[in-house]
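Open the structure in your viewer and keep the selection tool at hand. We will go from stop to stop, picking a few residues each time and looking at what is there.

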Amino acid sequence: MKPLQIRSVAYSVPETVVTNQDLTKLYDTSDEWIYTRTGIKERRIVSGNQNAADLGYEAAQKALAKAGVNPDELDLIIAASSAPPNLYPAIACDIQARLGITTKIPAFDITAACSGLIYGMQIARGFIGSGIYKKILIVATDNNSRLVDWEDRGTSILFGDGAGAMVVTESTDGVDDILSIDIQSDGSIGEYIKYTMPGKTCPLVEPNDIEPSHIFMNGKEVYKFVVKVLPDYIANMLEESGIKADEIDYLIPHQANQRIIDAVQQRLGYPDEKVISNITYYGNTSAASVPIALAEGVEKGTVKLGSTAILCGFGAGMTWGAAIVRLREGIC
Ligand code: UT7
């Protein structure tokens, strides 16, 4: 396989902040309940016409600038989103147009929920590794605030909106930045988190319209499943790669629930400074949460570059995945 280089990681979040206290205007809840159960204090929410494609485009522009890659040099755009403004055209095609790319490169979306970035990285690795493409933009962007039921206090407390973007290329120095990567799914428990497309029935066949849709989540089952599977999954991945947990500098996990992050931290025996968490201020931004945590961590100084990290995601599908990566100087 040809080696892959992570050239840049960037993020974009909406300006509007919705605090736990704000949510008490919608239903019977409290800052204390939400914070204790999830670690979340506030989240960013889009307003007006802003959507996942806009956030993704902003993150993509920043990532391309950071990488020093001209949009016209790209061979492929992959957008990971489970809360796009349109089912089609794909966010990736929209971003291709907005970046002013006139070459007919492929651009497509993938739906792997909160595992979206890791799935995108694995797909990119396949294309770069085989020599089919050399420069790939991965955008991970979600706008779940438009899909949740704002009367459902068990689910709507969790989500925030945001986007991340990563530029990956064939390595310029022969060093591979992906030390290990794996993605998995189990469709038999897909009912745990579900969004059914709204729509209409053909009046010649059935009289009734389909009910308006929103995200359904069985939070308890998701929680139990992830806490059971994820810590061992990451520990096994390290073992199979012949890497000791203490050789890795950071764990940058999907930001779904602080208690889930704590469970993985405990399994790996990591001190707090190795575990990157910003769930308190962004909530669960789904596919975007890992790139936001990474790029914002670098901005704040909690992640030092010239290091290694475990990135991991999990979510609807159920899907999950992890990547052990090199974080080179200058990528954020
Ligand atoms: O990326 C997607 C991945 N998703 C996740 O990782 C979600 C994982 N799951 C979770 O984070 C947790 O399940 C939640 C935080 C969503 C919920 O916590 P829980 O401890 O599983 O709560 P629950 O749904 O079992 O509800 C416990 C009680 C219920 O009251 P009763 O029936 O015991 O009287 C709920 O009605 O808490 C009540 N409740 C609330 N109370 C105050 C549920 N939501 C709220 C709320 N404020 N927002």
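The tour below begins with a sheet, moves on to helices and salt bridges, and ends at some backbone details. Bear in mind throughout that this is a predicted model.

**Stop 1: the five-stranded sheet**

Switch to a cartoon view and colour strands β1, β7, β6, β4 and β5. Given in that order, they make up an open sheet of five strands with mixed pairing. Which strands are at the edges? Select 4-12 for β1 and 107-110 for β5: these are the edge strands, each pairing on one side only. Looking across the sheet, you will find a twist that averages 20 degrees from one strand to the next.

Now zoom in on β1 together with β7, residues 162-170. The two strands run antiparallel and are joined by eight bridges. For one pair to label, take Ala 10, whose bridge partner in β7 is Ala 165.

Is the edge strand β1 buried or exposed? Turn on a surface and check: nine of its nine residues are buried, so β1 is largely enclosed by the rest of the structure. While the side chains are on display, recall that in a regular strand they alternate between the two faces of the sheet.

**Stop 2: helices across the sheet**

Add residues 52-67, which form helix α3. This helix lies across β1, β6 (135-142) and β7, and runs at about 135 degrees to β1. Next add residues 91-98, helix α4, which lies across β4 (76-80), β5 and β6 and runs at about 145 degrees to β5.

Hide the strands and look at the two helices on their own. The axes of α3 and α4 come within 10 Å and cross at roughly 50 degrees. The helices are therefore oblique to each other, and the crossing is right-handed. To see the contact, show sticks for Ala 52, Ala 53, Asp 54, Gly 56, Tyr 57 and Ala 60 on α3, with Ile 91, Asp 94, Ile 95 and Arg 98 on α4.

**Stop 3: helices α6 and α7**

Move along to another helix pair, α6 and α7. Their axes come within 9 Å and cross at roughly 35 degrees, again with a right-handed crossing. Residues making the contact include Tyr 223, Val 226, Val 227 and Leu 230 of α6, and Ile 260, Ala 263 and Val 264 of α7.

Asp 232 and Arg 267 also belong to this contact, and they form a salt bridge whose closest N and O atoms are 2.7 Å apart. Asp 232 sits in α6 (residues 219-241) and Arg 267 in α7 (residues 258-268), so the pair ties together parts that are 35 residues apart in sequence. Asp 232 counts as partly exposed, at 36% relative accessibility, and Arg 267 is partly exposed too, at 41%.

**Stop 4: a salt-bridge network**

How many salt bridges does a search of the whole structure find? The count is 13. For this stop, select Asp 173, Asp 177, Arg 326 and Arg 328, which are linked in a network of salt bridges.

Centre on Arg 328. Its side chain meets that of Asp 173 in a salt bridge of 2.7 Å, N to O. This pair links distant parts of the chain: Asp 173 is in the loop between β7 and β8 (178-185), and Arg 328 is in the segment after β13 (319-327), 155 residues away. A salt bridge also joins Arg 328 to Asp 177, with the closest N and O atoms 2.9 Å apart. Asp 177 is likewise in the loop between β7 and β8, so its pairing with Arg 328 ties together parts that are 151 residues apart in sequence.

Colour by accessibility to finish here. Both Asp 177 and Arg 328 are buried, while Asp 173 counts as partly exposed at 46% relative accessibility.

**Stop 5: backbone details**

Most residues other than glycine have a negative phi, and most peptide bonds are trans. Here are some places to check against that.

- Tyr 88 to Pro 89: this peptide bond is cis, with omega near 0 degrees. Pro 89 is in the loop between β4 and α4.
- Gly 317 to Met 318: another cis peptide bond, with omega about -10 degrees. Look for Met 318 in the loop between β12 (307-315) and β13.
- Ala 113: phi is positive, near 50 degrees. This residue is in the loop between β5 and α5 (116-129) and counts as buried at 8% relative accessibility.
- Ser 286: phi is positive, near 60 degrees. The residue is in the loop between α8 (279-282) and α9 (289-300) and is buried, at 2% relative accessibility.

How values were computed
Residues numbered from 1 in each chain as written. Predicted model: local features only at pLDDT ≥ 70, side-chain atom pairs only at ≥ 80, totals over all residues. Heavy atoms only, no water. Pairing = 2+ DSSP bridges. Helix = DSSP H or I, 4+ residues; strand = E, 2+ residues; numbered from the N terminus. Axes fitted to C-alpha atoms, helices over the stretch in contact; angles between N-to-C directions. Contact = heavy atoms within 4.5 Å. Salt bridge = Lys/Arg side-chain N within 4 Å of Asp/Glu carboxyl O. Buried < 20%, exposed > 50% of the residue type's maximum accessible area, 1.4 Å probe, protein only. Parallel < 35°, antiparallel > 145°, perpendicular 65-115°, else oblique. Left-handed = near helix turned anticlockwise from the far one by under 90°.
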